[in-house]
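Trainee: I would be grateful for a close look at a single residue and its surroundings, with the cut-offs stated.

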Amino acid sequence: MPKQTVFRLPTRTSIDDLSSLEEDMPTVSKHEVLIKIRAVALNSRDIQVATDTYPMPCRDNIIPCSDGAGDVIEVGEGVRNIEKGDRVVINFDIAHLYGARQGDETCQGGYIDGVLAQYVVRPATSVVRVPSTARQSYSELASLVCTGVTAWNGLFGNVPLKPGQSVLVQGTGGVSISALVIAKAAGATTIVTSSSNEKLEKVKAKFHPDFCINYKEYPEWGSRARELLGGEGVDHVIEIGGPGTFEQSIEALAFGGMISVIGYLASSDPAKMPNVLLLALRKAAIVRGILTESVCMLQELVTFVDRTGVKLPVEKEFGFTRDEVLRAYKELESGGGFGKVCIRLD
């Protein structure tokens, strides 16, 4: 039986627990495909899974990571929509084909084995074929799976963004920068917030947002966002901070605008929690929680990036040795960059 290299987390107490193992190559059944993984994109969830701080169910001895792109090298006899040689991306939840997600038991890299391996087998229905015209690298394609689709869901999953509307993204992490590049490609006016002028300058140079706000210089950054837009307010806010930033997000929002709640990173004093219901009522706001999305929505995003030529925000790439993978995890954990940290399998 041919062997392959995989990584597992035996105990999930630290990223340093990560083990490199030799295991049998997986084999396909009738409705599955065998994929040679070419790139893996990391998310903050991967740090949380590795350190047992993720708030959803996880298993020990898991193959980590949810975001993978690669080449199909074998197809089951019942597969019709995927062919050998196709480039593909694998959906975050392999059973989530359309509609609202129902649970976490089929999400890669947490409750079921993920993609930090040379080869994986997946149901053909859980993968999306990448058009031959797509110019994105494997790392860029892997970045679509979680952060890309999360951003797409926030902008188009409920009340779709329209050309000429405005989008505010918080910070310079993967979801925020993915939302920025997608929003710009869709014809929106864009605003980025950060506490670092250095990061804002880099984002300006590479991704060309219309406006930037340093929230340390403007603690009332919601009012500053409205001012930059001529007092009209923002149509879509990508909410990464959670309770610590929600009040300013509402302040920035236009009447009837949308807040997509994706993260919970900002610290907050429980005694000073804003009255979310009253704030939302005063702005007639839509406040919607986002938990990645379906194969159907991943297909929409793959089509969009192919036709627009959007370049996804890959910040750094690392190799597929244990030392390199740990470096990738620690780079993400440091929070020093912007965009995506990826692992390449050459």
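Trainee: What is the relative accessibility of Asp 52, and as what does Asp 52 count?

Mentor: The model is predicted, and local features are accepted only at pLDDT of at least 70, side-chain atom pairs at pLDDT 80 or more, while totals for chains, interfaces and linings use all residues. Residues are numbered from 1 along each chain as its sequence is written, and side-chain values use heavy atoms, with hydrogens and water left out.

Asp 52 has a relative accessibility of 49% and counts as partly exposed; buried means under 20% relative accessible area, exposed over 50%, and partly exposed in between (1.4 Å probe, protein chains only). Its side chain forms a salt bridge with that of Arg 12, at 3.2 Å from N to O; the term requires a side-chain nitrogen of Lys or Arg within 4 Å of a carboxyl oxygen of Asp or Glu. Asp 52 belongs to the loop between helix H1 (44–50) and strand S4 (67–75), and Arg 12 to the loop between strand S1 (3–8) and strand S2 (19–24), with 40 residues separating the two along the chain. Helices (H or I, at least four residues) and strands (E, at least two) are DSSP runs, numbered from the N terminus. Arg 12 is buried, at 8% relative accessible area.

The structure as a whole contains 16 salt bridges. In one of them, the side chains of Asp 86 and Arg 129 meet at 3.5 Å, N to O. Asp 86 sits in the loop between S4 and strand S5 (87–90) and Arg 129 in strand S7 (residues 127–129), so this pair ties together parts 43 residues apart in sequence. Asp 86 is buried at 12%, while Arg 129 is partly exposed at 37%. A further salt bridge joins the side chains of Glu 140 and Lys 311, at 3.2 Å from N to O. Here Glu 140 is in helix H2 (residues 138–142) and Lys 311 in the loop between helix H9 (295–308) and strand S14 (314–318), 171 residues apart. Glu 140 is buried at 5%, and Lys 311 is partly exposed at 48%. In addition, Arg 8, Glu 23, Arg 59 and Asp 113 are linked in a salt-bridge network.

Disulfides call for a separate remark. None is found in a search of the whole structure, the criterion being a pair of cysteine sulfur atoms within 2.5 Å. The sulfur of Cys 107 has its closest cysteine sulfur in Cys 146, at 9.4 Å, which is too far for a bond. Both residues are nevertheless buried, Cys 107 at 1% relative accessibility and Cys 146 at 11%.

Elsewhere in the model, six strands form an open, parallel sheet in the order S10-S9-S8-S11-S12-S13; two strands pair if DSSP finds at least two bridges between them. Strand S10 (211–214) and strand S13 (286–289) are the edges: each has a single partner strand, so one side of each lacks a neighbour in the sheet. From one strand to the next the twist averages 15°. Strand S9 (residues 189–194) runs parallel to S10 and is joined to it by four bridges; Val 192 has Cys 212 of S10 as its bridge partner.

Helix H4 (residues 174–185) lies across strand S8 (166–170), S9 and strand S11 (234–239), at about 165° to S8. Such angles run from 0 to 180 degrees between N-to-C directions, with axes as lines fitted to C-alpha atoms, for helices over the stretch in contact. Of the 12 residues of H4, 10 are buried, so the helix is largely enclosed by the rest of the structure; among them are Gly 174, Ile 177, Leu 180 and Ala 183. Gly 187, which follows H4, has a positive phi near 90°.

Pro 209 is located in the loop between helix H5 (197–207) and S10, and is buried at 11% relative accessibility. Leaving aside residues up to four places away in sequence, Pro 209 touches Leu 180, Lys 184, Thr 190, Val 192, Val 203 and Lys 204, where contact means heavy atoms within 4.5 Å. The C-alpha atoms of Pro 209 and Thr 190 are 5.3 Å apart, although 19 residues separate the two along the chain.
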